[in-house]
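Ready for a short walk through a structure in your viewer? Keep the selection tool at hand, and we will go stop by stop.

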Amino acid sequence: MIGNIVRTGWMNLRRDRAAWMLSFVVPIVFFSIFASIFGGRRSSTPRVTVLIVDEDRSDRSKRLVNALRAESALKVIDKADAASAEAVIKKGDAAVALVIPKGFGTTQITFGPAKAGAPSFRMLRDPSDMIAPQVVSGMLQKTLFVGMPDMMITGGMDALEKFGGPLTPQQRENLQKQATNLKNLPRQKQQQGDLVKLDVTDVVGSKDNPIIAFYGAGVGVMFLLFTASGAGGALLDEVESGTLDRILSTRVSMSKLLAGKLVYLWSLGVAQLIVMFVWGALVFRLPLMSHLAGFAIMTSVTALTCATFGLLLASVSRTRAQLSAISTLAVLSISALGGSMFPRFLMSEKLQRASLVLFNSWALDGYINVFWREAPLSTLVAPVAVLIGWAVVFFFIARQLARRWEFV
Amino acid sequence: MANPLVVTNLVKSFNGRKALDGVSLDLRQSEILGLLGPNGAGKSTLVRTIMGRVTPNSGEVAIFGRSAPAGDNVAREQVGVVPQEIALYPLLTARENLMVFGRYHGLHGDALDHAIQESLSWAGLAERAFDATKQLSGGMKRRLNMAAGVIHKPKLLLLDEPTVGVDPQSRERIYQMIETLRAGGVSMIYTTHYMEEAERLCDRIAIIDHGRIIASGTKDELVRSTIGDKREMVMVEKVPSLEAVFLHLTGRDLRE
């Protein structure tokens with residue numbers, strides 16, 4: 001009997017081109033868009049655009065601008081004055097501008113509190129970009145230290161004498177000579193190295209294209225929810241057309257009907273995720289074959305929970321139109337909070353903790369454990385347990401709500 | 001042998017309003033019992049209670065001598081339902097719809113194939129078997145709707161206004177289909193608003209209003225018991241129609 005319900009679901013889907021597109025084609029298109037946008041960024045570091053206004057126009061300020069221009073993390077654009085820089089930011093073409101003040105070239109760098117009346121750098125920013133100003137601020141400090149060492153030595157000598165006692169004339173002469181040598185170093189050599197040597201090694205993430213796995217899971221789970229809620233709406237169609245009455249007057253009970261719908265939605269979800277990840281493997285080099293076991297586990301439980309969620313939404317709704325409104329709101333909300341659209345690790349800690357209430361965040365964590373962290377299968381115990389737990393709760397509530405269609 | 005259907009003193013209230021108020025009736029072997037009544041009289045509630053979709057507050061439904069409370073689908077295995085709505089899957093073909101409902105009734109294999117062929121032929125849809133249901137005409141959908149209700153060869157059939165919205169030709173075909181079923185020994189409850197249809201098809205008529213059976217019997221019995229002698233005074237050249245009986249019993253006021 002359940003097999004017949006599943007077969008009926010697939011027969012209907014086969015004939016419904018719109019549902020077919022929504023289930024298998026649209027997710028792939030979205031996935032490809034996300035993967036193309038974000039997947040290709042691994043080859044080059046994303047650069048922050050910064051507008052530079054050099055009000056000082058001294059030799060030292062020119063050196064600073066050149067040093068900033070040499071930073072690979074920054075894209076420097078010169079601006080004649082603060083007003084024109086502000087106009088560019090207001091227009092949205094850049095998020096931050098740095099104004100080098102008049103007098104920078106003749107003012108000594110001080111360690112500790114700034115001297116009264118000393119000229120200060122100004123930063124103009126678009127506060128909607130929370131990252132760019134911090135990057136520019138950090139790069140400014142780093143550039144002053146690494147790119148203009150002579151300036152730091154001179155300032156350091158003053159601080160040393162202030163806090164440690166006066167230098168001998170010989171010491172002062174040697175340090176001054178060193179500062180001059182550093183100033184005359186070719187620019188490339190000035191830029192070489194940092195204050196401390198730093199070797200960077202990626203310890204998590206697939207070697208080829210790590211972010212693809214994240215978007216594969218994120219987009220996949222989001223569309224799974226849309227598909228499940230849409231397909232669950234077939235139940236409402238059956239109610240409205242009188243087909244449900246007819247079905248329930250056969251050997252099929254409401255429990256069997258819901259179980260059949262659940263198996264159909266589950267099989268649809270599994271098929272959808274397989275298509276999505278196979279596409280990811282073929283087109284974006286997602287390492288599917290080397291993570292088959294983890295993929296199979298996460299796909300099975302994720303499809304199960306999404307299927308029960310679809311049934312729950314359908315049983316909560318009174319009409320198709322109501323289902324459409326409720327499911328759009330619910331799916332978009334939990335997709336945003338659960339990390340389908342925006343990685344959870346970029347959210348605040350509070351929000352990250354709160355989002356653990358949502359089942360889709362566990363699904364995404366599971367997929368990320370499999371494909372990104374390449375963690376052992378034992379790490380999937382928690383996500384799997386939570387997802388199955390939610391599936392049981394959703395199905396139980398859906399079954400209770402479906403009583404209203406059973407008898408009056 | 002027990003009657004196919006015996007309904008005893010059914011009472012059902014919705015929000016304090018009685019939809020069924022002590023309804024009793026019985027259906028005999030190979031009989032078509034017409035159930036007439038204005039909108040909101042309680043016909044659908046009665047049919048749905050017999051289907052097992054409504055739980056009565058009191059009273060009993062017995063099918064072939066066996067008590068059949070709501071939800072007892074085993075007791076209703078010999079019951080077929082033809083709802084007023086086109087309760088089919090529009091994207092599936094005529095054949096696929098019959099296959100789906102045949103399977104829901106427990107048919108499979110050769111028995112299912114045979115039942116599908118027979119049903120398509122009975123409904124005059126053999127040549128449209130592979131057309132999507134949504135592409136069929138209104139009359140064809142009606143006939144397919146009936147075929148889906150009898151695919152498992154029920155002995156008791158509930159027909160809820162099976163000719164609504166069809167042209168005279170399709171209606172004639174549906175009458176023939178029903179006559180074939182009666183000849184095969186199927187007993188039927190037939191609800192309709194068309195009086196001439198009831199006159200033509202039904203062996204007996206039960207008229208329901210305000211949740212009660214207010215009259216029942218053959219057409220002649222109903223005429224005798226309601227209009228009686230007035231016939232000679234009111235109808236000079238013609239025997240009163242069943243519609244006249246119906247309006248006499250239920251009034252001429254529009255219900256909705």
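Start by selecting Arg69(A), which counts as partly exposed at 37% relative accessibility. Keep in mind that this is a predicted model. Now add Asp78(A) to your selection: Asp78(A) forms a salt bridge with Arg69(A), and the closest N and O atoms are 3.0 Å apart. Asp78(A) is also partly exposed, at 45% relative accessibility. Side chains of opposite charge can pair when their charged atoms come close.

Next, select Asp237(A) and Arg320(A). Their side chains meet in a salt bridge of 3.0 Å, N to O. This pair links distant parts of the chain: Asp237(A) sits in helix α10 of chain A and Arg320(A) in helix α14 (residues 320–338), 83 residues apart. Asp237(A) is partly exposed, with a relative accessible area of 33%, and Arg320(A) is partly exposed with 32%.

**Across to chain B**

Show Arg53(B) together with Asp245(A). Here the side chains meet in a salt bridge of 2.9 Å, N to O. Arg53(B) lies in the loop between α1 (43–51) and β4 (58–63) of chain B, while Asp245(A) is in helix α11 of chain A, so the pair joins two chains. Are these two buried or exposed? Arg53(B) counts as buried at 3% relative accessibility, and Asp245(A) counts as buried at 18%.

Now select Arg14(A), Arg15(A) and Glu96(B), which are linked in a network of salt bridges. Within it, the side chains of Glu96(B) and Arg14(A) meet at 3.5 Å, N to O. On the side of chain A that touches chain B, α1(A) gives the most, with 8 residues.

Zoom out to view both chains. How many salt bridges are there between chain A and chain B? The count is 5, and the structure holds 26 over all chains. In all, 26 residues of chain A are in contact with 34 residues of chain B. The area buried between the two chains is about 2,800 Å², and carbon and sulfur atoms give 52% of that. In chain A, select Arg15(A), Arg246(A) and Val408(A): these lose the most area to chain B, together 27% of what that side buries.

**A last stop on the surface**

Finally, select Met21(A), Val25(A), Val29(A), Phe30(A), Ile33(A) and Ile37(A). They form a nonpolar patch on the surface, with about 490 Å² of accessible area together. One of them, Val29(A), lies in helix α2 (residues 17–39) of chain A. Val29(A) is partly exposed, with a relative accessible area of 41%.

Definitions and conventions: Residues numbered from 1 in each chain as written. Chains lettered and ligands numbered in written order. Predicted model: local features only at pLDDT ≥ 70, side-chain atom pairs only at ≥ 80, totals over all residues. Heavy atoms only, no water. Patch = residues over 30% accessible without salt bridge, like charges linked within 9 Å, V, L, I, M, F, W, Y side chains within 5 Å. Areas by Shrake-Rupley, 256 points an atom, 1.4 Å probe, with all protein chains shown as cover. Salt bridge = Lys/Arg side-chain N within 4 Å of Asp/Glu carboxyl O. Helix = DSSP H or I, 4+ residues; strand = E, 2+ residues; numbered from the N terminus. Buried < 20%, exposed > 50% of the residue type's maximum accessible area, 1.4 Å probe, protein only. Contact = heavy atoms within 4.5 Å. Buried area = accessible area lost by both parts, 1.4 Å probe.
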